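User: Could you walk me through this model before I start working with it?

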Amino acid sequence: MIKLLLLLLVILVNPTFAGDPAAGEAKFKSNCKQCHGPAGMGMASYPKVSGNPVDYTRNRLQTYRSGAEIGPNSALMIMMAKPLTDEEIENLSAYLKDAK
């Protein structure tokens, strides 16, 4: 039983399952910064996207990628999120969690 718990702990906290903030920053700068501003701090009618929990950002990007409309800028966000891979979503989520 203890071995199973240790194995689960290793799997759950293994950084290979987490997003790569550096890769997320590169993707953000090339695809998202124009609207969401430096480090996702928000600009004009585009909201602040930094500082949210990873799960929140992941869920929002996956929802947009699915084509669901969930806000006033949905059409643009759906177009931007459609081509994102799961890995890119994880990377963006990891970067934006602590972006400043």
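Analyst: What follows covers the overall fold, a pair of packed helices and the cysteines. The model is predicted, so to speak with the usual filters: local features need pLDDT of at least 70, side-chain atom pairs count only at pLDDT 80 or more, and totals for chains, interfaces and linings use all residues. Residues are numbered from 1 along each chain as its sequence is written, and side-chain values use heavy atoms, with hydrogens and water left out.

User: How many helices and strands are there in the protein?

Analyst: The protein has 6 helices and 0 strands, where helices (H or I, at least four residues) and strands (E, at least two) are DSSP runs numbered from the N terminus.

User: And how much of it is buried?

Analyst: Of its 100 residues, 26% count as buried, meaning under 20% relative accessible area with a 1.4 Å probe and protein chains only, while exposed is over 50% and partly exposed lies in between. The protein exposes about 6600 Å², and carbon and sulfur atoms supply 64% of that area, computed by the Shrake-Rupley method with a 1.4 Å probe.

User: What share of the contacts comes from residues 24 or more positions apart?

Analyst: Taking contacts with a separation of 6 or more, such residues account for 53%, a contact being heavy atoms within 4.5 Å.

User: OK, helices. How do α4 and α6 pack?

Analyst: Helix α4 (residues 54-66) packs against α6 at an angle of about 140°, with the axes 8 Å apart; axes are lines fitted to C-alpha atoms over the stretch in contact, and angles run from 0 to 180 degrees between N-to-C directions. On the α4 side the contact includes Val54, Thr57, Arg58 and Leu61, and on the α6 side Ile89, Ser93 and Leu96 are among the residues involved.

User: Why call α4 and α6 oblique?

Analyst: The pair counts as oblique because angles under 35 degrees are roughly parallel, over 145 roughly antiparallel and 65 to 115 roughly perpendicular, with the rest oblique.

User: Is Ser93 buried or exposed?

Analyst: Ser93, which is found in helix α6 (residues 86-98), is buried, with a relative accessible area of 0%. Leaving aside neighbours within four places in sequence, Ser93 is in contact with Val54, Thr57 and Arg58.

User: Switching topic, why is Cys32 not bonded to Cys35?

Analyst: The sulfur of Cys32 is 8.6 Å from that of Cys35, its closest cysteine sulfur, which is too far for a bond, since a disulfide is a pair of cysteine sulfur atoms within 2.5 Å. The structure holds 0 disulfides, and Cys35 counts as partly exposed at 24% relative accessibility.
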